[in-house]
Amino acid sequence: MEIFEQFAMMLESNPLLLLVISIWEALCTLIALWFSGRNDHKGWFIACGLLQLFGIVEIIYLATKTSFFKDFKFNA
């Protein structure tokens with residue numbers, strides 16, 4: 001439990017980090033929901049909509065079921 005307490009203290013002392021984490025979560029969720037809805041993946045749509053785990057479920061979906069990361073250009 002000490003790790004969680006340290007993480008909570010870090011977020012309290014650095015609200016910008018909380019904002020960055022929140023934006024990351026929202027972007028991952030929206031992209032995954034868009035892809036899953038478009039590709040008729042109802043199970044993934046429900047999982048991505050209900051489970052909010054720092055974008056982990058969404059990243060797994062985007063990496064395994066779509067071409068999102070395959071087409072991603074780091075040096076645009």
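Three exercises with worked solutions follow.

The model is predicted, so local features need pLDDT of at least 70, side-chain atom pairs count only at pLDDT 80 or more, and totals for chains, interfaces and linings use all residues. Residues are numbered from 1 along each chain as its sequence is written, and side-chain values use heavy atoms, with hydrogens and water left out.

**Exercise 1.** Classify the aromatic pair of W34 and F35.

Solution. Rings of Phe, Tyr and Trp (its six-membered ring) pair if their centres lie within 6.5 Å; planes under 30 degrees apart are stacked, over 60 edge-to-face, the rest tilted. The count by this rule is one aromatic pair. The ring centres of W34 and F35 are 5.0 Å apart with planes at 75°, so the pair is edge-to-face.

**Exercise 2.** Decide whether F35 is buried or exposed, and do the same for D40.

Solution. Buried means under 20% relative accessible area, exposed over 50%, and partly exposed in between (1.4 Å probe, protein chains only). F35 has 12% relative accessibility and therefore counts as buried. D40, at 53%, counts as exposed.

**Exercise 3.** Find the salt bridge of D40 and describe the setting of this residue.

Solution. A salt bridge needs a side-chain nitrogen of Lys or Arg within 4 Å of a carboxyl oxygen of Asp or Glu. The structure holds one: the side chains of D40 and K42 meet at 3.0 Å, N to O. Both residues, D40 and K42, are exposed. D40 lies in the loop between helix 2 and helix 3 (42-50), where helices are DSSP runs (H or I, at least four residues) numbered from the N terminus. The phi of D40 is near 60°, a positive value in a residue other than glycine.

Definitions and conventions: Helix = DSSP H or I, 4+ residues; strand = E, 2+ residues; numbered from the N terminus.
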